[in-house]
Amino acid sequence: LFMNELPIGSTARIITYTQQDSFTERLREFGLIPGTVIRLLRKAPFNGPVEIQYRNSRIVLRPNELAHLRLERIA
C-alpha cells in the first residue's frame with residue numbers, strides 16, 4: 001500500500017522503504033522508520049504535497065518522497 005491510496009484521516013504503519021538512498025536516510029533521521037504509525041492529515045490538490053502526523057510531529061512530503069514508503073493500513 002502506498003500513501004496515495006489512503007483516504008484523508010486514515011492511519012497506517014510503515015512496513016519498509018521501497019528503495020534505500022540518501023532520502024530514506026533523511027526519513028530515518030526524522031523518525032519515520034519501519035513500525036512507525038502515521039496518520040494522513042491533508043492532501044493538496046493536483047497530486048501536491050501531503051501532510052502526515054506521527055508521534056508528536058507533523059511533516060509535509062511531496063508525492064515522489066512518499067513513494068519511498070511501503071505502508072500497511074490500520075484504520
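This passage describes the helix, the strands, the nonpolar core and the salt bridges of a predicted model.

Helix α1 spans residues 22-30. Its N-terminal end is capped by Asp21. A side-chain oxygen of Asp21 lies 3.0 Å from the backbone nitrogen of Phe23. After the helix comes Gly31, with a positive phi near 95°. Three residues of α1 are buried: Phe23, Thr24 and Leu27. Seen down the helix axis, these buried residues fall within an arc of 100°, so they line one face of α1. They pack against β1, β4, α2 and β5; α2 covers residues 63-66. On the other side of the helix, Ser22 and Glu29 are exposed.

A salt bridge also lies within α1. The side chains of Glu25 and Arg28 meet at 3.7 Å, N to O. The two residues are three places apart in the helix, which separates them by about one helical turn. An α-helix has 3.6 residues a turn, so residues three or four places apart point the same way. Both partners are partly exposed. Glu25 has a relative accessibility of 38%, and Arg28 has 33%.

Strands β3 (50-54) and β4 (57-61) run antiparallel and are joined by five bridges. One pairing sets Ile52 against Ile59 in β4. The two strands form a hairpin, with two residues between them. Arg55 sits in the turn and has a positive phi of about 45°.

The largest nonpolar core holds 18 residues. Six of them touch the most other members: Met3, Leu32, Ile38, Ile52, Leu61 and Leu71. The core draws on many elements. At least two residues come from each of β1, α1, β2, β3, β4 and β5; β2 covers residues 37-43. Leu32 illustrates the packing. Leaving aside residues up to four places away in sequence, Leu32 touches Ile14, Tyr17, Leu27, Ile38, Ile52, Tyr54, Ile59 and Leu61. Among these contacts, Leu27 is one of the buried residues of α1, while Ile52 and Ile59 are bridge partners.

The segment before β1 contains Phe2. Its relative accessibility is 26%, so Phe2 counts as partly exposed. Beyond residues up to four places away in sequence, Phe2 touches Thr18, Ala67, Leu69, Arg70 and Leu71. The C-alpha atoms of Phe2 and Leu66 are 7.7 Å apart, although 64 residues separate the two along the chain.

Leu69, one of the contacts of Phe2, belongs to strand β5. Leu69 is buried, at 1% relative accessibility. Its C-alpha atom is 9.4 Å from that of Ile33, and the two residues are 36 places apart in sequence. Leu71, another contact of Phe2, is among the core residues that touch the most other members.

Five salt bridges are present in the structure. One of them joins Glu72 to Arg13, with the closest N and O atoms 3.3 Å apart. Glu72 lies in β5 (residues 69-73) and Arg13 in β1 (residues 11-17), so the pair ties together parts that are 59 residues apart in sequence. Neither end is buried. Glu72 is partly exposed at 38% relative accessibility. Arg13 is also partly exposed, with a relative accessible area of 32%.

Another salt bridge links Glu51 to Arg58, the closest N and O atoms being 3.6 Å apart. The two ends of this pair contrast in exposure. Glu51 is buried, with a relative accessible area of 10%, whereas Arg58 is exposed, at 55%. The pair does not stand alone. Arg42, Glu51 and Arg58 are linked in a network of salt bridges.

Terms used
Residues numbered from 1 in each chain as written. Predicted model: local features only at pLDDT ≥ 70, side-chain atom pairs only at ≥ 80, totals over all residues. Heavy atoms only, no water. Salt bridge = Lys/Arg side-chain N within 4 Å of Asp/Glu carboxyl O. Helix = DSSP H or I, 4+ residues; strand = E, 2+ residues; numbered from the N terminus. Buried < 20%, exposed > 50% of the residue type's maximum accessible area, 1.4 Å probe, protein only. Core = buried A, V, L, I, M, F, W, Y, C linked by side-chain atoms within 4.5 Å. Contact = heavy atoms within 4.5 Å. Arc of directions from axis to C-beta. Polar contact = N/O pair within 3.5 Å; in protein donor to acceptor, adjacent residues only side chain to side chain. Pairing = 2+ DSSP bridges.
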